[in-house]
Amino acid sequence: SPAPSSPFTMHGARKEFGDIKDPLAAQGEKETSWIGEADWELKLLIRKDSLPKSKNYTLILDGLDTYATVRLDDSLMLQTDNMFRDYKLKLGQFEKAEKTLNIIFENPEKKAKEKRDVLGYDLPSPSDADSEKTASFTRKAGFQFGWDWGPRRLSIGPWKPVKVICWDDARMVSFRTTQDTFLDNRMNGTGFFTVEAAKAGMAEL
């Protein structure tokens, strides 16, 4: 099936395409539990003619939920196990008209059980409504495991944006400030920049 624009989860995508009913209504929790118990494959085409001409291209994955294997044109780029992390990958130059981004999301329940089996004993998982109690073995949002009155719904997918940053010689990655002093309505602070550059050298900000 075609994929909606990111971010999305497989529950949301299946509902958008009419494959399932509202997972939050009636028996939706039970009827859609299979989504979080399956592996999913996502293919995205990054077309050269859709991007500004640049010297460098960086793929930004702001959040993958959760166990994902990322390949670019069949080359392994990344394996993830934490939905709260972001990742930045260099795409290189476009020698062809497009690049294929392939992401395989694995069954999070199965992966958590594998970790539990390696450890050899259970860990307390009070937020997990299932008898297997696997929540403590995976870096995944606790509410997905059915705490309190919420449904147990293990989401899968790029839950934050997938995007390409186009740049030439350098780009600002982050900026933050700290307040050092504040006296007589005057504040003195320090600014911290993180810059990614194509090559080492002197630069002006």
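Begin with the surface of the whole chain, which exposes about 13100 Å², 50% of it supplied by carbon and sulfur atoms. The model on display is a predicted one. Buried residues account for 35% of the 205 residues in the chain.

Next, display the chain as a cartoon and colour it by secondary structure. Three helices and nine strands should appear. Followed along the sequence, they give the pattern α-α-β-β-β-β-β-β-α-β-β-β. The radius of gyration of the chain is 21 Å, well over the 17 Å that the globule rule gives for 205 residues, so the chain is more spread out than a compact globule. Along the principal axes, the C-alpha atoms fill a box of roughly 60 × 55 × 35 Å. Of the contacts between residues at least 6 apart in sequence, 62% join residues at least 24 apart.

Now select Lys99, which belongs to strand β6, residues 98–105. Is this lysine buried or exposed, and which side chain of opposite charge is nearest? Lys99 is buried and has no salt bridge; the nearest such side chain is that of Asp73, 4.3 Å away. That distance lies outside the limit for a salt bridge, because the nitrogen must be within 4 Å of a carboxyl oxygen. Show the backbone of Gln93 as well: the side chain of Lys99 reaches its backbone oxygen at 3.2 Å. To see the surroundings of Lys99, leave aside its neighbours within four places in sequence and select the residues in contact with it: Leu44, Leu45, Ile46, Leu72, Asp73, Leu91, Gly92, Gln93 and Phe94.

From there, move to the loop between β2 (56–61) and β3 (67–72), where Thr66 is found. Display the backbone atoms of Asp65 and Thr66. The peptide bond joining Asp65 and Thr66 is cis, with omega at about -5°.

Continue to Asp74, in the loop between β3 and β4 (75–81). What is noteworthy about phi of Asp74? Its value is near 75°, which is positive in a residue other than glycine. Asp74 is exposed, with a relative accessible area of 74%.

Finish at Asn185, located in the loop between β8 (170–183) and β9 (186–197). Although Asn185 is not a glycine, it has a positive phi of about 60°. Switching the surface back on around Asn185 shows an exposed residue, with a relative accessible area of 72%.

Technical notes
Residues numbered from 1 in each chain as written. Predicted model: local features only at pLDDT ≥ 70, side-chain atom pairs only at ≥ 80, totals over all residues. Heavy atoms only, no water. Helix = DSSP H or I, 4+ residues; strand = E, 2+ residues; numbered from the N terminus. Buried < 20%, exposed > 50% of the residue type's maximum accessible area, 1.4 Å probe, protein only. Lys, Arg positive; Asp, Glu negative; His and termini not counted. Polar contact = N/O pair within 3.5 Å; in protein donor to acceptor, adjacent residues only side chain to side chain. Contact = heavy atoms within 4.5 Å. Rg over C-alpha atoms; globule rule 2.2 N^0.38 Å. Areas by Shrake-Rupley, 256 points an atom, 1.4 Å probe, with all protein chains shown as cover.
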